[in-house]
Amino acid sequence: MKKIVILFSGEGSNLLNLIKTIHQKECIIAAAITNRPNAGGIEKAKTYDIPVEVIDHTLYGSREAFDAELVRTINSHSPDLVVMAGFMRILSPIFFTLKTKAINIHPSLLPLFKGANAIGQSFESSEKAGGVSIHWVTEELDSGSVIAQESFEKADDETLESFTDKIHAVEYKLLPQTIIKVLSSNK
Ligand code: GRF
């Protein structure tokens, strides 16, 4: 079965969803790697015996030094695909020495609302729809070609909370689907 490595920085609800939906069914999650020692996703991964690697970015003197360790750690699991699910790091060119391609999930309809506050900006905007994009990771933040996208209409009485819940609901469906599609197209 093909192997993936998941990168995360926060709660890990997408990580948990991938463990429950595709792990040991469509692929193997070889490792979950985080840059934050207190990331909520760590316990979620450990609960399902997914190997967890913590690379605390605050201990590295430069972005390049951190990325070099990240690349070494990812390559040590020799995955077929790297999946960024809430990995909140700006990547240096060192990251792109990685042998494996990477995809990222972003909570907006790219190219709209790139960056770390996409859900808030999308909710506040006059756009009639919200949505989720999955794209290839390139050196320019949130700018790689889009692999999959799904939108939903904003309700008249939409709140930031209900909007965020709709974003996650789309994410939990679209990300496993897209990983399966990408892995099956990887020769
Ligand atoms: C997700 O909304 C993802 O699109 C964004 O960061 C969030 C991570 O959430 N990049 P979680 O850690 O998977 O709960």
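Here is a short chat about the ligand site in this predicted model.

Q: Where does the ligand sit?
A: Start with the pockets, then see which one holds the molecule. Here the ligand is in the largest pocket, which contains about 700 Å³ of space.

Q: What lines the largest pocket?
A: Count the lining, then look at what lies around the middle. There are 33 lining residues, and those nearest the centre are Gly86, Phe87, Met88, Asn104 and Ile105. By class, the lining has 13 nonpolar, 14 polar and six charged residues. Helix H1, strand S5 (102-106), helix H4 (118-124) and helix H5 each give at least two residues to that lining.

Q: Which residues surround the ligand itself?
A: Now go from the pocket to the shell, taking residues with a heavy atom within 4 Å of the ligand. The shell is made of Gly10, Glu11, Gly12, Ser13, Asn14, Gly86, Ile105, Pro107, His168 and Glu171. Of these, two are nonpolar, six polar and two charged.

Q: Which side chains have an N or O atom 2.5 Å from a ligand oxygen?
A: Look for N or O pairs, and note whether the protein atom is side chain or backbone. Serine 13 places a side-chain N or O atom 2.5 Å from a ligand oxygen, and glutamate 171 does so at 2.5 Å as well. For glutamate 11 it's a backbone N or O atom, 3.5 Å from an oxygen of the ligand.

Q: How much of the ligand's accessible area does the protein cover?
A: Take the ligand on its own as the reference. Alone, the ligand has 370 Å² of accessible area, and the protein covers 85% of that. The elements supplying two or more shell residues are helix H1 (13-21) and helix H5 (160-185).

Note on methods
Residues are numbered from 1 along each chain as its sequence is written. This is a predicted model: local features need pLDDT of at least 70, side-chain atom pairs count only at pLDDT 80 or more; totals for chains, interfaces and linings use all residues. Side-chain values use heavy atoms; hydrogens and water are left out. A polar contact is a pair of N or O atoms within 3.5 Å; within protein, one must be able to donate a hydrogen and the other to accept it, and residues adjacent in sequence count only if both atoms are side-chain atoms. Accessible areas come from the Shrake-Rupley method with a 1.4 Å probe; for residues, only the protein chains shown count as cover. On a 1 Å grid over the protein atoms alone, a cavity is a set of points where a 1.4 Å probe fits but cannot get out, and a pocket is an open set with protein on both sides within 12 Å along at least five of seven lines; lining residues have an atom within 4 Å of a point. A molecule sits in a cavity or pocket if more than half of its atoms lie within 2 Å of its grid points. Helices (H or I, at least four residues) and strands (E, at least two) are DSSP runs, numbered from the N terminus. Ala, Val, Leu, Ile, Met, Phe, Trp, Tyr, Cys and Pro count as nonpolar, Asp, Glu, Lys and Arg as charged, and the others, Gly among them, as polar. Grid points are joined across faces, edges and corners, and a volume is the space filled by probe spheres set on the points.
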